[in-house]
Amino acid sequence: MPRNIIDVTDLTVEEINELIATAEDIIASPAKYQAACAHKQLATLFFEPSTRTRLSFESAMLALGGSVLGFSEAASSSTAKGETVGDTVHTVSCYADIIAMRHPKEGAPFAAAQFSEVPIINAGDGGHNHPTQTLTDLLTIHREKGRLDGFTIGFCGDLKFGRTVHSLVNALSRYENIRFVLISPMELKLPRYVKEEALKKRGIPYEQTDSLDAVMPKLDILYMTRVQKERFFNEEDYLRLKDSYILTPEKLENAKADLSILHPLPRVNEISVAVDRDPRAAYWKQVKNGKFIRMALIMKLLDIQV
Ligand code: NCD
């Protein structure tokens, strides 16, 4: 059976720390890695829209000297003819050495992995998980703060449908002394199953609030998210909730001087463009980090050392 990354806990904390160390080395000495994946092929199977995740996977493989193939919408694959995801993945695994797959249905990459002869990486499954965004977030936190323990992190926005939030809460719950502040409207609270599995089971204290202003002064990291329009059942609810939180320079006035602001992107309007100039904004660095950590992950799954 090939090694798949469907959930962030498919990697141990030690393995995640190793990936971060490899990514740091790639950033310091990129030339060392430029032929690491020569003659290897990555397929990106994206059944759902993406800019950063797909292109960072492709850019990562190209920077390792490998090549890429794939599709960026279901309509241009045989899915449009009625082929099952299992058969599509089985086919692609005959051509590629590793597959990154995004799908609107929760659990689809897990199901597809049963039909693959090569490693499958979940690049986002519906409102469920997004483990490689989490690796990106962890690398970013590590670079910004110099550690992955002992801080207060606020998650703000759509905690119900935001898969990046679910994966990051899960990942961080395995590090020491992290305080979680969950900031959302009532309707978009973190799902009970994430709270149960990640926080309650491990006895980790957390607080829930609908006021970003009230908790801003205590945050070391603020993880903003967009309201996930495509996962709402009716437009009326989306319209009512879409502007719940808009981060502006004024709102940051009572924040810590060494706060780090993260966002998986894309942003809609939840962070005003003026915040980009604030030295505490780390989300554009996060975009760059996504490529380096994916380089490290691809090498690990293909069992390539340099
Ligand atoms: C996120 C996603 O696809 O879940 N984007 C990303 O991969 N960087 C966040 C989002 O779409 O809001």
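Q: Why does Cys94 count as exposed in this predicted model?
A: Cys94 has 54% relative accessibility. The cut-off for exposed is over 50%, so Cys94 goes into the exposed group.

Q: What makes Cys156 count as buried?
A: Buried means under 20%. Cys156 comes in at 0% relative accessibility, so it counts as buried.

Q: How many disulfides does the structure hold, and how do you know what counts as one?
A: Zero. A pair of cysteine sulfur atoms would have to be within 2.5 Å to count.

Q: Why is helix 1 called roughly perpendicular to helix 5?
A: Helix 1 covers residues 13-28, helix 5 covers residues 131-145, and they pack at about 70 degrees with their axes 10 Å apart. Roughly perpendicular runs from 65 to 115 degrees, so that label fits helix 1 and helix 5. As for handedness, helix 1 passes helix 5 in a right-handed crossing.

Q: Which residues make the contact of helix 1 with helix 5?
A: Helix 1 brings Ile16, Leu19, Ile20, Ala23, Glu24 and Ile27, while helix 5 brings Leu135, Leu138, Leu139, His142 and Arg143. Sorted by class, that gives eight nonpolar, one polar and two charged residues.

Q: What makes helix 5 and helix 10 roughly perpendicular to each other?
A: Their axes cross at roughly 115 degrees and come within 8 Å, with helix 10 being residues 283-301. The roughly perpendicular class spans 65 to 115 degrees, and helix 5 and helix 10 therefore get that name. Helix 5 passes helix 10 in a right-handed crossing.

Q: Which residues of helix 5 and helix 10 make the contact?
A: From helix 5 you'll find Thr132, Gln133, Leu135, Thr136, Asp137, Leu139, Thr140, Arg143 and Glu144. From helix 10 come Lys285, Gln286, Asn289, Gly290, Ile293, Arg294 and Leu297. The class tally for helix 5 with helix 10 is four nonpolar, seven polar and five charged residues.

Q: Why are helix 5 and helix 6 called oblique to each other?
A: Helix 5 and helix 6 pack at about 60 degrees, with their axes 8 Å apart. Roughly parallel needs an angle under 35 degrees, roughly perpendicular needs 65 to 115, and roughly antiparallel needs over 145. An angle of about 60 degrees misses each of those ranges, so helix 5 and helix 6 are oblique. Their crossing is right-handed.

Q: Which residues make the contact of helix 5 and helix 6?
A: On the helix 5 side they are Pro131, Gln133, Thr134, Asp137 and Leu138; on the helix 6 side, Thr164, Ser167, Leu168, Ala171 and Leu172. By class, you get five nonpolar, four polar and one charged.

Q: How do you know that helix 6 is mostly covered?
A: Just look at the count: 10 of its 10 residues (163-172) are buried. Among them are Arg163, His166 and Asn170.

Q: What makes Leu219 buried, and which residues does Leu219 touch?
A: Buried is under 20%, and Leu219 sits at 0% relative accessibility, so buried is the word. Leu219 is in the loop between helix 8 (212-215) and strand 8 (221-224). Leaving out residues up to four places away in sequence, Leu219 touches Thr152, Ile153, Gly154, Val181, Ile183, Leu212, Lys256 and Leu259.

Q: Why does Pro279 count as exposed?
A: Pro279 reaches 73% relative accessibility, and exposed is over 50%, so Pro279 counts as exposed. You'll find Pro279 in the loop between strand 9 (260-262) and helix 10.

Q: What kind of peptide bond joins Leu265 and Pro266, and what is omega?
A: The bond is cis, with omega about 5 degrees. Most peptide bonds are trans. Pro266 lies in the loop between strand 9 and helix 10.

Q: What is phi of His39, and is His39 buried or exposed?
A: Phi of His39 is near 70 degrees, which is positive, and His39 isn't a glycine. Most residues other than glycine have a negative phi. His39 has a relative accessible area of 79%, over the 50% cut-off, so His39 is exposed. Its place is the loop between helix 1 and strand 1 (41-46).

Q: What is phi of Asn177, and why does Asn177 count as exposed?
A: Asn177 has a positive phi too, about 55 degrees, and is not a glycine. Its 54% relative accessibility is over 50%, so Asn177 counts as exposed. Asn177 sits in the loop between helix 6 and strand 6 (178-183).

Definitions and conventions:
Residues are numbered from 1 along each chain as its sequence is written. This is a predicted model: local features need pLDDT of at least 70, side-chain atom pairs count only at pLDDT 80 or more; totals for chains, interfaces and linings use all residues. Side-chain values use heavy atoms; hydrogens and water are left out. Axes are lines fitted to C-alpha atoms, for helices over the stretch in contact, and angles run from 0 to 180 degrees between N-to-C directions. Helices (H or I, at least four residues) and strands (E, at least two) are DSSP runs, numbered from the N terminus. A crossing is left-handed if the near helix is turned anticlockwise from the far one by less than a right angle, and right-handed if clockwise. Contact means heavy atoms within 4.5 Å. Ala, Val, Leu, Ile, Met, Phe, Trp, Tyr, Cys and Pro count as nonpolar, Asp, Glu, Lys and Arg as charged, and the others, Gly among them, as polar. Buried means under 20% relative accessible area, exposed over 50%, partly exposed in between (1.4 Å probe, protein chains only).
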